[in-house]
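Visitor: I have a structure here and some questions about it. Could you take me through it step by step?

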Amino acid sequence: MRIALTATCVADSMFPQAPRATVRLLERLGHEVFFPASQACCGQMHINTGYMDEAVPVVRNHVESFSPVLDGEWDAVVVPSGSCTGSIRHQQGMVCRRAGEDALGARADAVAAKTYELSELLVDVLGLSDVGAHFAHRVTFHPTCHSLRMLGVGDRPERLLRAVAGLELVDLPGADGCCGFGGTFALKNAPTSAAMLDDKVAAVRSTAAEVLVAGDYSCLMHIGGGLSRQHAGIGTMHLAEVLASTVDDPTPLPHAPAPRTRTAGAEVSR
Amino acid sequence: MSTYLGLPTLRRKGDAGGRATPSGTRPDEPFGPVPHPDDPLRWGETFPQAARAALGNDQMRANLGHATSTIRAKRASVVGEVPDWEALRDAGAAIKTHVMAGLPDLLEELERNVTARGGVVHWARDAAEANRIVAELVRAAGVDEVVKVKSMATQEIGLNEALAEAGIAATETDLAELIVQLADDMPSHILVPAIHRNREEIRRIFLERMADAPADLTDAPRELAMAARAHLRRKFLTAKVAISGANFAVADTGTLSVVESEGNGRMCLTLPETLITVMGIEKLVPTFTDLEVFLQTLPRSSTGERMNPYTSLWTGVTPGDGPQKFHLVLLDNGRTRALADDVGRAALHCIRCSACLNVCPVYERVGGHAYGSVYPGPIGAVLTPQLTGSSGHGDPNSSLPFASTLCGACYDVCPVKIDIPSLLVHLRARVADEDRGRRVPTGWGAAMKAASAVMSDGGRFALAEKGTVVARILAGRKGYVRHLPFPASAWTASRDLPAPAKQTFRDWWAKEHEQPGERSDR
């Protein structure tokens, strides 16, 4: 297939390992990946903060960047993010129509209909549950709210993970609970967000996993920030990074601040 | 309905805001006298301020977490056994959409049928009008004491306080509502209004405020319930007037309905001579058959019961049986304002089950008082600001649509499928639009405008990515940032921030995938 990649603004600048792994994975599976360089952002941050008018040009840029999928230049668009896929599918059209841009809204909906979150693309479009990956580590998985409830990806990511050779998947207690990120919620309601994060970090630590995996680097940035602050020694990885890993081309574990070394039973002060 | 006796919180004397306060303040003053707020739909500080205070109460958080996870599990198990649950949700949503589309005609149909069966219908534009109508009806009955069935509509209009000003004493007969009333408190949950109280506090409230409480009362739930039962029995047997809300009103028969767990409602609805029902105009269903949908979804969603113990239905007056005078007060109080918003009106579909509160991770951490309204939680965050409208920039209710991570748990459990996350986003846009009219833009407004320019163009975005070099320097060799100045300190207070990548994805792509001469833009 010819697949266009939405890198997402957050991953493009902060976590390029996720879109890079998506490229690596899809190319290994025999597909051709395209990156329209005019893309920037899907508009989710503006929309969910209430700035609909300001979101319109952002949405327009996204829709124009990916419109060639409607002309058959590509077969599908893949997004390595549940929340960005959710925004593309459930919000972009509404934002355009709200601004009286009905034609753009219709075009947004049409592009969205050919846009898939990574696990949806792999399982539903490409018909895979085993992508031939190898990743010999103890992993726990956070399903992320928008993947779970806005997109309804169900257990697709877990099915993909269970098929990875060598991977030990440990259940995350309270997995379906929100980590407290919520975009600008983390800033506007920082103490409440931190209270939710504390509980999520404690759940992740209780699994004794080496790495926390999710399908969305926004949530991973939040939970990872909490794990790092607590020196939990548990890193974060995108689902794509795990699925891209093979025996010949393994994805290394991410750097994760670990507990400080103990000397004579006392923790060395930070 | 059911009352959970296990949750403490401490209130500070003179805390007129009625918000939850940090633990450790005035332990000698576990309750009141706390003046009832002037407006039950808008009291105290903004949500972030009130939430910050509530989060300091570790005990409340632990107990709320326990209570909500218990009821979540109960609900999930009884919902899971209904094979056509999703179809019932769809039916509930369709009925309510139909009601909102034809509300004026349906209300007049209800009025005709209630009147034909001997009831009297009153129309109240707002809280003041509703309170005045009820006070006049009570006075006309020649009494200065009434019993009450738990009702959100009467909480919303501050009826008890208005009646007190008119010299009429109202007694709440739902156990949890009685606790809240005796403590001169505000409810913190739609279904379990005293969810923030623990049994020891309830014991002290009863001993201090309930004249006939036994002196040797312990904090055993059964003893507390028996004390309230004895106290209320005397009220039931002497009351001449009862005041209720309504869960449903059937337009084509003029039938009203209250569902409950304790039986206090049945006593109020059958024993007194006069019954006054105050009902929000959105509580209608078109036909009697429609009740079958909600009588299945409401108890399972609210108390996690297959069926509620008491379902009372009454139609006008029946000679020789039950109240001989029936008055129905139809309350607007901002509902037509919500109805005028083609997106926001879905909040009026709510049947007050409170399932969205019980699954909300934000409510679970901060409790109900942080929302500053008798309607807390996710549904409160979309209903309250619509009922009150905005009083302009700085209105505490304008902070409510932002009191959510948009995690969607509320939408998943709503028995009438209210898309609360979408409503929250819609109402956030109303706040942003209102702020946009200001001469001096807000910080958020300016930032979003600037970000819009950058994020709507791949070239400008790539250029902005070059600017992140500063953040990389801040992060240093560790690869993450631990302290940032305000406002980014809101993030770094509890989380590290990873350094932006040395090489952005688009730079990597350009290097790896594009041969000279190949077009770079698709």
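Visitor: In which sense do strand β5 and β6 of chain A pair?
Guide: This is a predicted model, and the answer comes from its strand bridges. β5(A) covers residues 138–142, and three bridges link this strand to β6(A). One of the residues involved is A:Val139, whose bridge partner in β6(A) is A:Leu169. The sense of the pairing is parallel.

Visitor: Which strands are at the edges of the open sheet that contains β5 of chain A?
Guide: The sheet has four strands, in the order β6-β5-β7-β8 of chain A, with parallel pairing. On average, neighbouring strands are turned by 35° against each other, direction ignored. An edge strand pairs on one side only, and the two that do so here are β6 (168–170) and β8 (235–238) of chain A.

Visitor: At about what angle does α13 of chain A run to β8(A)?
Guide: α13(A) lies across β5, β7 (211–214) and β8 of chain A. Taken against β8(A), the angle is about 170°.

Visitor: How is the pairing described in the four-stranded open sheet of chain B?
Guide: The strand order there is β8-β5-β6-β9 of chain B. The edges are β8 (284–285) and β9 (310–315) of chain B, each pairing on one side only. Strand β6 of chain B, residues 255–260, runs antiparallel to β9(B) and is joined to β9(B) by six bridges. For the sheet as a whole, the pairing is mixed.

Visitor: Which residue of β9(B) stands opposite B:Thr255?
Guide: The strands concerned are β6(B) and β9(B), which run antiparallel. Opposite B:Thr255, in β9(B), stands B:Thr315.

Visitor: Why is α4(A) called oblique to α7(A)?
Guide: The axes of α4(A) and α7(A), the latter spanning residues 102–113, come within 10 Å of each other. They cross at roughly 55°. Because angles from 65 to 115 degrees count as roughly perpendicular and those under 35 degrees as roughly parallel, this crossing falls in neither class, which makes α4(A) relative to α7(A) oblique.

Visitor: How many nonpolar residues are in the contact of α4(A) with α7(A)?
Guide: α4(A) passes α7(A) in a left-handed crossing. From α4(A) come A:Val59, A:Arg60, A:Val63 and A:Phe66, and from α7(A) come A:Leu104, A:Arg107, A:Ala108 and A:Val111. Two of the contact residues are charged and none is polar, while the nonpolar ones number six.

Visitor: Which helix gives the most to the side of domain 1 of chain A that touches domain 2?
Guide: The domain assignment gives domain 1 as 2–125 and domain 2 as 138–244 of chain A, and their C-alpha centres lie 22 Å apart. In the contact, 26 residues of domain 1 meet 23 residues of domain 2. Elements giving two or more residues to the domain 1 side include α1 (9–13), α3 (44–49) and α5 (82–90) of chain A. The one that gives the most, with six residues, is α2(A).

Visitor: How many nonpolar residues are on the side of chain A that touches chain B?
Guide: Between the chains, 59 residues of chain A are in contact with 56 residues of chain B. Among the elements giving two or more residues to the chain A side are α4 (52–66), α12 (190–206) and α13 (217–229) of chain A. By class, that side has seven charged and 19 polar residues, and the nonpolar number is 33.

Notes. Residues are numbered from 1 along each chain as its sequence is written. Chains are lettered from A and ligands numbered from 1 in the order in which they are written. This is a predicted model: local features need pLDDT of at least 70, side-chain atom pairs count only at pLDDT 80 or more; totals for chains, interfaces and linings use all residues. Domain bounds come from an automatic or database domain assignment. Two residues are in contact if their C-beta atoms, placed from the backbone, lie within 7 Å. Ala, Val, Leu, Ile, Met, Phe, Trp, Tyr, Cys and Pro count as nonpolar, Asp, Glu, Lys and Arg as charged, and the others, Gly among them, as polar. Two strands pair if DSSP finds at least two bridges between them. Axes are lines fitted to C-alpha atoms, for helices over the stretch in contact, and angles run from 0 to 180 degrees between N-to-C directions. Angles under 35 degrees count as roughly parallel, over 145 as roughly antiparallel, 65 to 115 as roughly perpendicular and the rest as oblique. A crossing is left-handed if the near helix is turned anticlockwise from the far one by less than a right angle, and right-handed if clockwise.
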